[in-house]
Amino acid sequence: MIDVLVIGGGVAGFVSAINAKQFYPQKRVVLIEKNPKKLVPCGIPYIFNTFSIDDDLMNLEKKLKKHGVELIEDEIKEIDFQNKEAIANEKYKFDKLIIATGSKPKIPPIQGIKNAYFIKKEYDYLKNLLEKTKNAKNITIIGGGFIGLEVADELAKNGKNIMLIEMMKNILPNSFDEDFSKKAQESLHKNITLKLNARVEKIGKNYVLVDDEKIASDLTIVTTGFSPNTEFLDVEKNEFGFIKTDEYLRVKKDIFAVGDCVEHKEFFTANPTPLMLASTAAFDARVAAANLYSLQIIRHNKDSLNIYSTVIGDKVFAAVGITENMAKKEGFEVIVTKAKSYNTHPPKFSHSTDVEVKLIFSKKDLYLLGAQIVGGISTGEMINILGLAIQKNATASDLYTMQIGTHPLLTPPPTLYPIAVAAGKALV
């Protein structure tokens, strides 16, 4: 008998397992994964230049063992919820179950799609794709989201000619408003050619057909999103295949689901959102694991925040919450403010760069709805501060009077801290 069985060894499964063992040390915790040679998902785009594929390995077995969690290499093909059995090559009886089956690349309905490659979370597949990129001079990437941009940027650094195709009018359309999207476009590597408002009609072995234009392509990579791995599960799902849970990630009695396979709802509107982030998966996992046997951790925020950060060229772009455009579509009256400063003080160091903050507030009560930042390396943590601010219902007044620590090498100047400056503009 297994006390806590976790299915899936990605971020959600790993964090679920080690936290379940931490909160319930006397319980037997077992994680089942069909392919234990897992990669850190956020790092996958960077195997094309910044580091090797082996540097991105999770080292799942070693880390689970360190935390007292057992690893079984097997593939669950069916779950008998009534009898509490997970069925693979053998049957695994459990008391509590955490489903963390993750996601897989979406296959768009494009003629010749079999000629394309995807960013799968599979070591051997990606190692083969890496080899293919070495002999390819002209590479086409379909999809202008975070993964598409990151892969494009990495391959461009290798001297490849990259054609990046996005069907929307801007890159990163779900995270940034047009003003910040254009800043991202301006930061793209010189080897990247951007084709917007474009639709791919066919993928050949050495070309792509885009709006009746034939473009040479030695290698085509599709990065148009992911879909949940839930087909084999007889549980309630939404129209997109995501598992429905309550706010504590419970599917039914003793059954939990976490990560990419779960339905998430947007923080302000409660609309279903196809949110698939390692940070969100880890959040889900911590909540579920802590509450397996009793509600030890109360979840105050019922819905999920979109928090993103990425590097484009030599700049960091980050966003949280809803964009100005999204807020207006949802019917919010908003106040939008901006502030620009430097990420060090004085701005004379080798790593110094401009930092610009955009804040979106509700007009009536000045609650923070969203934020966008472009700057240096500190941008990634600045956006996390603003994410917590949204979770805690912070207003422009809260951000204007926030108490901060600063250092010349590490932060913007205290005299012109851009979050406080932008918040102050909303108060006048």
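How do α1 and α6 run relative to each other: roughly parallel or roughly perpendicular?

**Entry 1, ground rules.** I noted that this is a predicted model, in which local features need pLDDT of at least 70 and side-chain atom pairs count only at pLDDT 80 or more, while totals for chains, interfaces and linings use all residues. Residues are numbered from 1 along each chain as its sequence is written, and side-chain values use heavy atoms, with hydrogens and water left out.

**Entry 2, the helix pair.** I looked up the axes (lines fitted to C-alpha atoms over the stretch in contact, with angles from 0 to 180 degrees between N-to-C directions), and those of α1 and helix α6 (residues 278–290) come within 8 Å and cross at roughly 30°. The two helices, which are DSSP runs of H or I with at least four residues, are therefore roughly parallel, a label for angles under 35 degrees. The contact (heavy atoms within 4.5 Å) involves, among others, V15, N19 and F23 of α1 and A282, R286 and A289 of α6.

**Entry 3, N19.** I then followed N19, which lies in helix α1 (residues 11–23) and counts as buried because its relative accessibility is 12%, where buried means under 20% with a 1.4 Å probe and protein chains only. Not counting residues up to four places away in sequence, N19 touches R286 and A289, and its C-alpha atom is separated by 9.0 Å from that of A288, 269 residues apart along the chain.

**Entry 4, a strand pair.** I finally checked strand β9 (residues 138–142) and strand β10 (residues 161–165), which pair in the parallel sense over five bridges; strands are DSSP runs of E with at least two residues, and pairing needs at least two bridges. The bridge partner of T140 in β10 is M163.

Key. Buried < 20%, exposed > 50% of the residue type's maximum accessible area, 1.4 Å probe, protein only. Parallel < 35°, antiparallel > 145°, perpendicular 65-115°, else oblique.
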